[in-house]
Amino acid sequence: MSDKKTAHVTGGSKGIGFGVAKILLKNGYNVAISGRKEKDLEEALLKLSDYKDQIIGIVSNVRKFEDEENAVSKIKEQFGNLDIVIANAGLGHFAPVDEMSIENWNDMIETNLTGAFHTLKASVEELKKS
Ligand SMILES: NC(=O)c1ccc[n+]([C@@H]2O[C@H](COP(=O)([O-])OP(=O)(O)OC[C@H]3O[C@@H](n4cnc5c(N)ncnc54)[C@H](OP(=O)(O)O)[C@@H]3O)[C@@H](O)[C@H]2O)c1
């Protein structure tokens, strides 16, 4: 078990999530970043190689509850604890109602809403312990 606090940043391979992960690392946290694209995770890990003992990348799609359960198992295996979850993975399709497709609407709901629920549901027992 690590004596450091551990954070999971979903969508940590890019953008805001990557920035949050970097700040947590600088402040001494263990960090797991996750996302769907392995290549983007690898590139992010390379950029954060100064912190290689503190960080792991996990391929996970927040739309799949079992992926998020698997992510929590990997985090426990690597660091022993999970203290902070940043349910950041998401996307935006911006359009007025008459132009928004059903497909794009469902894409947002399944990722930004159901995905965040999956992340928290998979993590909550570990968070209660910490
Ligand atoms: N940028 C803004 O101005 C803004 C404003 C309001 C809210 N937000 C919200 O803030 C969050 C981050 O935005 P951002 O601009 O940093 O986005 P971004 O640069 O497009 O990065 C999105 C991240 O989420 C991951 N992701 C997307 N779908 C996923 C899925 N199904 N499962 C797992 N990971 C997934 C992406 O990796 P993969 O593609 O590899 O999965 C990527 O790492 C989003 O939830 C966004 O809706 C952003």
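Colleague: What lies 3.4 Å from an oxygen atom of the ligand at glycine 90?

Modeller: A backbone N or O atom of glycine 90. Bear in mind that this is a predicted model.

Colleague: And how much of the ligand does the protein cover?

Modeller: On its own the ligand has 880 Å² of accessible area, and the protein covers 67% of that.

Colleague: Back to contacts. How far is an oxygen atom of the ligand from a polar backbone atom of isoleucine 16?

Modeller: That distance is 2.7 Å.

Colleague: What about asparagine 61, which ligand atom is its side chain paired with?

Modeller: A nitrogen atom of the ligand, which is 2.9 Å from an N or O atom in the side chain of asparagine 61.

Colleague: How many residues surround the ligand, and which are the closest?

Modeller: There are 16 around the ligand. Ser13, Ile16, Arg36, Lys37 and Asn88 are the closest.

Colleague: How does that shell divide into nonpolar, polar and charged?

Modeller: The shell around the ligand has 9 polar residues, 4 nonpolar and 3 charged.

Colleague: New topic. Where does the ligand sit?

Modeller: In the largest pocket. The volume of that pocket is about 410 Å³.

Colleague: Which lining residues are closest to the centre of the largest pocket?

Modeller: The lining has 21 residues, and Gly11, Lys14, Arg36, Ala89 and Gly90 are the closest to the centre. Arg36 is also among the closest residues to the ligand.

Colleague: Which elements give two or more residues to that lining?

Modeller: Helix 1 (15-26) and strand 2 (30-35). Helix 1 gives the most, with 3 residues.

Colleague: And by class, what is the lining of the largest pocket made of?

Modeller: The lining of the largest pocket has 12 polar residues, 5 charged and 4 nonpolar.

Methods. Residues numbered from 1 in each chain as written. Predicted model: local features only at pLDDT ≥ 70, side-chain atom pairs only at ≥ 80, totals over all residues. Heavy atoms only, no water. Near = heavy atom within 4 Å. Polar contact = N/O pair within 3.5 Å; in protein donor to acceptor, adjacent residues only side chain to side chain. Areas by Shrake-Rupley, 256 points an atom, 1.4 Å probe, with all protein chains shown as cover. 1 Å grid on protein atoms, 1.4 Å probe; cavity = no way out; pocket = protein on both sides within 12 Å on 5 of 7 lines; lining within 4 Å. Sits in = over half its atoms within 2 Å of the grid points. Nonpolar A, V, L, I, M, F, W, Y, C, P; charged D, E, K, R; others polar. Points joined across faces, edges and corners; volume = space filled by probe spheres on them. Helix = DSSP H or I, 4+ residues; strand = E, 2+ residues; numbered from the N terminus.
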